[in-house]
Amino acid sequence: MKNTNTKTIQVPEGMDIKGQIKPGYEHVLTKDALQFVADIARKFDHTRQELLKTRETRQAKWDAGALPDFLPGTKEIRDGDWKIAGVPDDLQKRWVELTGPTERKMVINALNSGADVFMTDFEDALSPTWANIVEGHIALLDYWSGDLVFTDPKSGKNYEVGPNPAMLLVRPRGWHLDEDHILLNGKPIAGSFVDFGLYFYHCAKKILDRGTGPYFYLPKLESHQEAKLWNDVFVHAQNALGLPIGTVKATVLVETLPAAFEMDEILYVMRDHIVGLNVGRWDYIFSYIKVLRNKPEYTLPDRQQVVMGQAFLGAYARLLVQTCHKRGAFAMGGMAAQIPNRREPETNALAMAAVKKDKEREVNEGCDGSWVAHPDLVPVAREVFERLMQGDNQMDTIPGGSVVTRDDLLEIHQGTRTEEGLRTNIRVGIQYIEAWLRGNGAVPLYNLMEDAATAEISRTQLWQWQKHGAALEDGRKVTTEMVDELLIDEMAKLRDVLGAELYDSGRFPEAIEIFKSLSESDELAPFLTLPAYKLLS
């Protein structure tokens with residue numbers, strides 16, 4: 001079958017490529033690799049679709065008054081005496097993990113950053129334009145082929161991977177995201193199948209030849225059934241390439257409220273392939289709002305007041321460490337989203353102090369490693385782990401403390417709601433969406449690295465405050481009219497700051513429309529990336 005692009009590639013029966021084929025794309029979009037992806041989709045997409053319907057069914061029950069809870073039918077798993085298959089030697093030390101998109105120059109710099117792990121991201125930190133996806137896969141294939149280099153077209157500076165690169169982990173897209181540029185039998189294929197399939201097919205054996213393994217981070221899971229689907233995909237892929245079961249190793253981000261009640265079960269169903277869980281704090285806050293959206297008693301305060309170590313976030317992190325170490329798995333801390341500000345020394349000092357405090361808390365809570373969002377934060381986090389850790393990890397230590405209950409996992413943060421909190425959500429949400437529409441998924445704003453997860457907090461929190469008429473600190477009730485007035489004011493200020501030419505040449509009208517429609521709709525949309533994706537090329 002032929003596509004209609006500038007360059008023809010061979011594709012398997014039933015598949016059509018709608019994205020433009022630029023020079024070099026044929027290296028990853030090979031017929032055999034695409035056949036591998038198609039086989040995964042044909043075998044597993046029905047289950048994926050059923051699991052997405054199950055999400056809607058569960059949410060309907062919570063909307064009608066029920067609360068998330070531990071599953072009675074899997075109590076034997078939670079009470080059982082079992083452990084995961086084990087952790088490879090080269091994943092025993094994961095003190096500092098740097099995250100970022102799959103952009104070529106970023107990959108090189110991150111691998112050279114001094115971090116123990118670089119998690120390269122096809123999900124929240126990447127705007128999934130067709131070019132970003134395919135060129136990201138080219139960069140990863142080039143890395144494992146020993147060919148990853150980059151020359152900056154503006155400066156002429158050359159970039160190449162140094163002698164001691166970070167361990168590479170790949171985060172494919174979540175189950176809910178499609179890849180509209182690859183059709184199978186006329187329908188878009190799942191982005192998760194594309195990201196995992198292309199990378200695994202092209203790189204798994206090259207990675208094994210280097211003495212390591214194909215390692216992944218898995219996002220947005222809401223149940224152990226969704227985790228089992230990944231496990232089944234891994235088994236199929238390993239069998240297809242003639243690799244031993246257990247070659248693939250994955251870390252699961254616990255970044256949804258429902259998944260927090262199924263940590264044991266997730267580890268159990270993936271026990272041959274899983275090495276740990278991660279505290280995905282930003283998406284977790286978003287999920288907390290989304291799951292409990294119809295319950296005014298769970299209305300959160302300003303985003304910056306919802307901090308780790310307290311209320312539902314503290315309980316969830318404590319349970320994650322207890323669960324992981326009981327099962328012989330890694331407990332990975334969350335993201336430090338601060339970014340350096342070299343032009344403002346005082347602001348920079350405060351940011352670095354916040355990162356240090358955050359990492360000290362995580363080590364003391366029992367985490368085996370943690371995430372940072374910028375290469376300059378790697379030495380800050382490493383210093384904490386070098387000072388406080390007694391070994392490569394703390395997996396042999398199970399923290400004490402009381403049993404974490406359902407009520408602990410739902411405990412609301414105390415705090416206030418302010419007009420400045422409203423304005424911050426508006427500024428961050430719209431600017432992030434605008435950058436995402438231009439192809440940038442990791443956006444530095446106000447000394448923080450914002451990605452899709454933090455933008456989701458911004459728009460869902462506005463939705464929640466409007467829906468329930470939340471009272472601000474000064475007694476005013478949040479209304480749509482108030483939000484609209486603040487939005488107009490904030491955009492006028494932003495246009496002044498950026499300059500009329502830069503602002504007007506951007507995609508702010510579309511970003512504002514998406515943000516307004518999502519934050520003011522009668523029903524809360526599950527993900528902002530779903531409607532926004534329709535506007536990407």
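**Exercises on a predicted protein model**

In this structure, Ala 311 has a relative accessible area of 18%, so Ala 311 counts as buried. Keep in mind that you're working with a predicted model.

**Exercise 1.** Work out why Ala 311 gets the label it does, and say what stands out about its phi angle.

*Solution.*
- Step 1: The cut-off for buried is under 20% relative accessible area.
- Step 2: Ala 311 comes in at 18%, which means that it is buried.
- Step 3: Now place the residue: Ala 311 is in helix α10, which covers residues 311-326.
- Step 4: Look at the backbone: phi of Ala 311 is positive, about 45°, even though Ala 311 is not a glycine.
- Step 5: Why mention that? Because most residues other than glycine have a negative phi.

**Exercise 2.** Do the same for Asn 185: is this residue buried or exposed, and where does it sit?

*Solution.*
- Step 1: A residue needs over 50% relative accessible area to be called exposed.
- Step 2: Asn 185 has 57%, so the label is exposed.
- Step 3: Asn 185 belongs to the loop between β7 (178-184) and β8 (187-190).
- Step 4: Asn 185 isn't a glycine either, yet its phi is positive, about 55°.

**Exercise 3.** Check how the protein's radius of gyration fits the rule for a compact globule.

*Solution.*
- Step 1: Start from the chain length, which is 537 residues.
- Step 2: For that many residues, the rule puts a compact globule near 24 Å.
- Step 3: The protein has 22 Å, so the value agrees with the rule.
- Step 4: Add some context: the C-alpha trace spans about 65 × 60 × 50 Å along its principal axes, and 61% of the 537 residues count as buried.
- Step 5: Then look at the contacts with a separation of 6 or more: 77% of them are between residues 24 or more positions apart.
- Step 6: Finish with the fold elements, namely 19 helices and 15 strands.

**Exercise 4.** The structure has 23 aromatic pairs; classify Trp 175 with Phe 193, and then Phe 196 with Trp 230.

*Solution.*
- Step 1: You need two values, the distance of the ring centres and the angle of the planes.
- Step 2: For Trp 175 and Phe 193 the centres are 5.8 Å apart and the planes stand at 65°, so this pair is edge-to-face.
- Step 3: Trp 175 is in the loop between β6 (167-171) and β7, while Phe 193 is in helix α5 (residues 191-209), so the pair links parts 18 residues apart in sequence.
- Step 4: Both Trp 175 and Phe 193 are buried.
- Step 5: Phe 196 and Trp 230 are edge-to-face too, with 5.9 Å between centres and 75° between planes.
- Step 6: Here the pair joins helix α5, home of Phe 196, to helix α6 (residues 224-240), home of Trp 230, so it ties together parts 34 residues apart in sequence.
- Step 7: These four residues belong to one aromatic cluster, which also includes Phe 36 and Tyr 199.

**Exercise 5.** Describe the surroundings of Trp 230 and say which residues it touches, leaving out those up to four places away in sequence.

*Solution.*
- Step 1: Trp 230 has 1% relative accessibility, so it counts as buried.
- Step 2: Its contacts are Pro 172, Arg 173, Trp 175, Ser 192, Phe 196, Leu 218, Leu 221 and Met 270.
- Step 3: Take Ser 192 from that list: it is 38 residues from Trp 230 along the chain, and their C-alpha atoms are separated by 9.6 Å.

Note on methods. Residues are numbered from 1 along each chain as its sequence is written. This is a predicted model: local features need pLDDT of at least 70, side-chain atom pairs count only at pLDDT 80 or more; totals for chains, interfaces and linings use all residues. Side-chain values use heavy atoms; hydrogens and water are left out. Helices (H or I, at least four residues) and strands (E, at least two) are DSSP runs, numbered from the N terminus. The radius of gyration is taken over C-alpha atoms; the globule rule is 2.2 Å times the number of residues to the power 0.38. Buried means under 20% relative accessible area, exposed over 50%, partly exposed in between (1.4 Å probe, protein chains only). Contact means heavy atoms within 4.5 Å. Rings of Phe, Tyr and Trp (its six-membered ring) pair if their centres lie within 6.5 Å; planes under 30 degrees apart count as stacked, over 60 as edge-to-face and the rest as tilted.
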